[in-house]
Amino acid sequence: MHFASDNWSGAHPRIAESLTRHAQGFASAYGTSDLDKAVEERFSTIFEREVAVFFVATGTAANSLALASLAKAGGVSFCHTDAHVNADEGGAPEFLTGGTRLFGVEGAEGRMDPQALEAAIARFEPASPHHGRAMAVTVTQATEVGTVYTLDELDRIAAIAKARDLPLHMDGARFANALVALDATPAEMTWKRGVDILSFGGTKNGCWCAEAIVFFDPGMAADMPFIRKRSAQLFSKSRFISAQLEAYLDGNLWLDLAGHSNAMADRLRSGLAVKNTARLAWDTTANEVFAVIEKSSAERARSKGAKFHEWQPPHGWLPLPTENEVLIRLVTSFATTVEDVDQFIEVV
């Protein structure tokens, strides 16, 4: 009953096998091998256009370096208040962008409210050396609270950004889960909606350690080779990231894994919804479930071996748990089984 996070799960056997296979022999370093180039071409195929791809080790690195490629002196990037870049990356985006800032924008269920975004950007117009200047907009897909921006909602955010000539970045740590939830294509959820740069996550969906920064206009990526090297994210044996992504993207494995984790979350949602000792905190559509349960139920579940995190309520969420209740987060993964889910529901 491991629901603490999808990054607690291991690597899918096909990805582990690919790592072992590519560990043999020799290959040119620093992203110049035939395997590296083949995987980069695979990204262009998946996204239905030529893209520039840069492999990095972590989602924090992907988000921070993507924003670093857009950095301006006094720059301000706009994100949801509870976004991972704002709340969970230890100041890395500000540090690696050379001191630019993040500005939190409110919005229900983890999604930026378009009117609130417009008002936030307007605070920095016209550009003032005292207040700084708008630099970029970044959305999290799927969001930190398990919800997903619809394609129409992405269109609205993109229109606001484009009207002010601001690049739009997408934090896709759980990109595949959002894609499956929307039943969209990678192109439909990104550049066709106006997204300029994507942080493409694989680690939480069956990879060992594989993230990528994807530029939908390769011309925007001119500085990224230097930014990545300066940030110690250029791997000499980059083929081992490529080896993971080769297997991950082959035969739509990545979408199958995300589909399974989403289905396990659906099973959790359905089971908890009918309990008299639990209630769903809000509706989610990806592989994160948030529930309010009795403290005694939480203690009982832990005593039976369940792993999960108690969670701080997001901004503006009501009603708060009572003194006898606790808000918990449950995250499913490719490795979650039906038995795991059913046992947790029974224990609760």
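**Empty space inside and at the surface**

The largest cavity has a volume of about 40 Å³. The model in view is a predicted one, and a search of the whole structure finds one cavity of 30 Å³ or more. Rolling a probe the size of a water molecule over the atoms shows where empty space is left.

The walls of the largest cavity are made by H80, D82, A83, G110, T140, E144 and V145, and by class this lining divides into two nonpolar, three polar and two charged residues.

Turning from the cavity to the pockets, the largest pocket holds about 270 Å³ of space. Its lining is made up of 19 residues, of which T58, G59, T60, A173 and K204 are the closest to the centre of the pocket. Helix α3, which spans residues 59–68, supplies the largest share of this lining, namely three residues. In terms of residue class, four of the lining residues of the largest pocket are nonpolar, nine are polar and six are charged.

The second largest pocket contains about 200 Å³ of space, and its lining brings together D82, A87, D88, E144 and V145 with W311, Q312, P313, P314 and H315. Five residues of this lining are nonpolar, two are polar and three are charged.

Which residues, then, line both the largest cavity and the second largest pocket? Reading the two linings side by side, one finds D82, E144 and V145 in each of them, whereas H80, A83, G110 and T140 appear in the lining of the cavity, and W311, Q312, P313, P314 and H315 are among the residues that line the second largest pocket.

Note on methods
Residues are numbered from 1 along each chain as its sequence is written. This is a predicted model: local features need pLDDT of at least 70, side-chain atom pairs count only at pLDDT 80 or more; totals for chains, interfaces and linings use all residues. Side-chain values use heavy atoms; hydrogens and water are left out. On a 1 Å grid over the protein atoms alone, a cavity is a set of points where a 1.4 Å probe fits but cannot get out, and a pocket is an open set with protein on both sides within 12 Å along at least five of seven lines; lining residues have an atom within 4 Å of a point. Grid points are joined across faces, edges and corners, and a volume is the space filled by probe spheres set on the points. Ala, Val, Leu, Ile, Met, Phe, Trp, Tyr, Cys and Pro count as nonpolar, Asp, Glu, Lys and Arg as charged, and the others, Gly among them, as polar. Helices (H or I, at least four residues) and strands (E, at least two) are DSSP runs, numbered from the N terminus.
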